Amino acid sequence: MARNFSGRRLREARKSAGISAEQLAINVGRSAYSIHEYELGRVTPGVTVLIAIADALGRPVDDLLTEEGTRAA
């Protein structure tokens, strides 16, 4: 079954970790604007960035994904 990136899950994981979008951006070498766009579901991060985000949040990549057919944003 296909899995898709979920901006909503990213936002929840980031807030749960107590990390600001700005700090996450610094940790993964992206702009705060990029993190914001990921969280809104307007842009999907590449695999390398997705792995870096998961690592920075101390979560498995799977926590940032959702099943196909459910709303990804």
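Reader: How are helix 2 and helix 4 oriented to each other?
Author: This is a predicted model, where local features need pLDDT of at least 70, side-chain atom pairs count only at pLDDT 80 or more, and totals for chains, interfaces and linings use all residues. Residues are numbered from 1 along each chain as its sequence is written, and side-chain values use heavy atoms, without hydrogens and water. Helix 2 (residues 21-28) and helix 4 (residues 47-57) pack at about 120°, axes 9 Å apart. Angles under 35 degrees count as roughly parallel, over 145 as roughly antiparallel, 65 to 115 as roughly perpendicular and the rest as oblique, so the two helices are oblique.

Reader: Which residues of helix 4 make the contact with helix 2?
Author: Contact means heavy atoms within 4.5 Å. Helix 2 brings Leu24, Asn27 and Val28. Helix 4 answers with Ala52, Ile53, Ala56 and Leu57.

Reader: What arc do the buried residues of helix 2 cover around the axis?
Author: Buried means under 20% relative accessible area, exposed over 50%, partly exposed in between (1.4 Å probe, protein chains only). In helix 2, Ala21, Leu24, Ala25 and Val28 are buried. They sit on the same side of helix 2, because their arc is only 105°.

Reader: Which helices are included in what covers the buried residues of helix 2?
Author: The cover of these buried residues includes three named helices. They are helix 1 (7-17), helix 3 (32-40) and helix 4.

Reader: What is the relative accessible area of glutamate 39?
Author: Glutamate 39 lies in helix 3. Not counting residues up to four places away in sequence, glutamate 39 touches Gly7, Arg8, Leu10, Arg11 and Arg14. Glutamate 39 is buried, and its relative accessible area is 5%.

Notes. Axes are lines fitted to C-alpha atoms, for helices over the stretch in contact, and angles run from 0 to 180 degrees between N-to-C directions. Helices (H or I, at least four residues) and strands (E, at least two) are DSSP runs, numbered from the N terminus. The arc is that of the directions from the helix axis to the C-beta atoms.
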